[in-house]
Amino acid sequence: MDVAWLIVVAAVVVAVLMLLGGLWFAYDSNKRVRRFARSTDLVPGKPGRAPAEWTTATVPEAVLHRRIRYAMGLVYENPSLRSDDELLAARGRLDDAVFELDDRLIAAAAMPEKSSDTLRDIGWSVRWLELLPGEIFYASKTKALADIDATIANLRRPVEPPPEEPENPDDPDNDRIL
């Protein structure tokens, strides 16, 4: 009977520790997500030049700005881009191109008469950037470098719209800005 009681106590202790670990993970993750959402970083660790109210505004320019931020957050989560000098240099070039794109977006927002062509082109560039993290996550170094350079070119001047995603009528984001 003593062994059975010991097993029950050990199982309860393990279950409580797992529960506490899960709660801590959820709390810490939520805290980090909120901190990033409230920050003005365009890329992790580098503040952008957009108005601070764009972190919560619903105007098209602010939404595009946030999409840039979140896409770059995903690029920075790629572990292979942290350990290779060539890939780090490519990510640095991408950072520069993203800041240029965001500056064009800020300038477009400041114009008294907004050009739909300008916002359309910026929307295309943002969509090209959003496709990048998925393309390079498991890619070889050569392919990742080529994809980053192609994305940089599309950020500076998209020559064509990005590929369309299949429409899902249940998707609440169907009316995204492209």
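**Helix H2, the nonpolar core and one cavity**

Helix H2 (residues 60-76) has 17 residues, so at 1.5 Å a residue it should span 24 Å, and the 25 Å between its end C-alpha atoms agrees with that. The expected span here is 1.5 Å times one less than the number of residues; helices are DSSP runs of H or I with at least four residues, strands are runs of E with at least two, and both are numbered from the N terminus. The model is a predicted one, where local features need pLDDT of at least 70, side-chain atom pairs count only at pLDDT 80 or more, and totals for chains, interfaces and linings use all residues. Numbering runs from 1 along each chain as its sequence is written, and side-chain values use heavy atoms, with hydrogens and water left out.

H2 is mostly covered, with 13 of its 17 residues buried (under 20% relative accessible area, 1.4 Å probe, protein chains only). The largest nonpolar core (buried Ala, Val, Leu, Ile, Met, Phe, Trp, Tyr and Cys joined through side-chain atoms within 4.5 Å) holds 32 residues, and Ile68, Met72, Leu94, Val98, Leu129 and Ile148 touch the most other members. At least two core residues each come from strand S1 (41-43), H2, helix H3 (85-110), helix H4 (116-136) and helix H5 (141-156). H3 gives the largest share, nine residues.

Neighbours within four places in sequence aside, Leu129 is in contact with Ile68, Ala71, Met72, Leu94, Val98, Thr151 and Leu155 (heavy atoms within 4.5 Å).

Technical notes. Buried means under 20% relative accessible area, exposed over 50%, partly exposed in between (1.4 Å probe, protein chains only).
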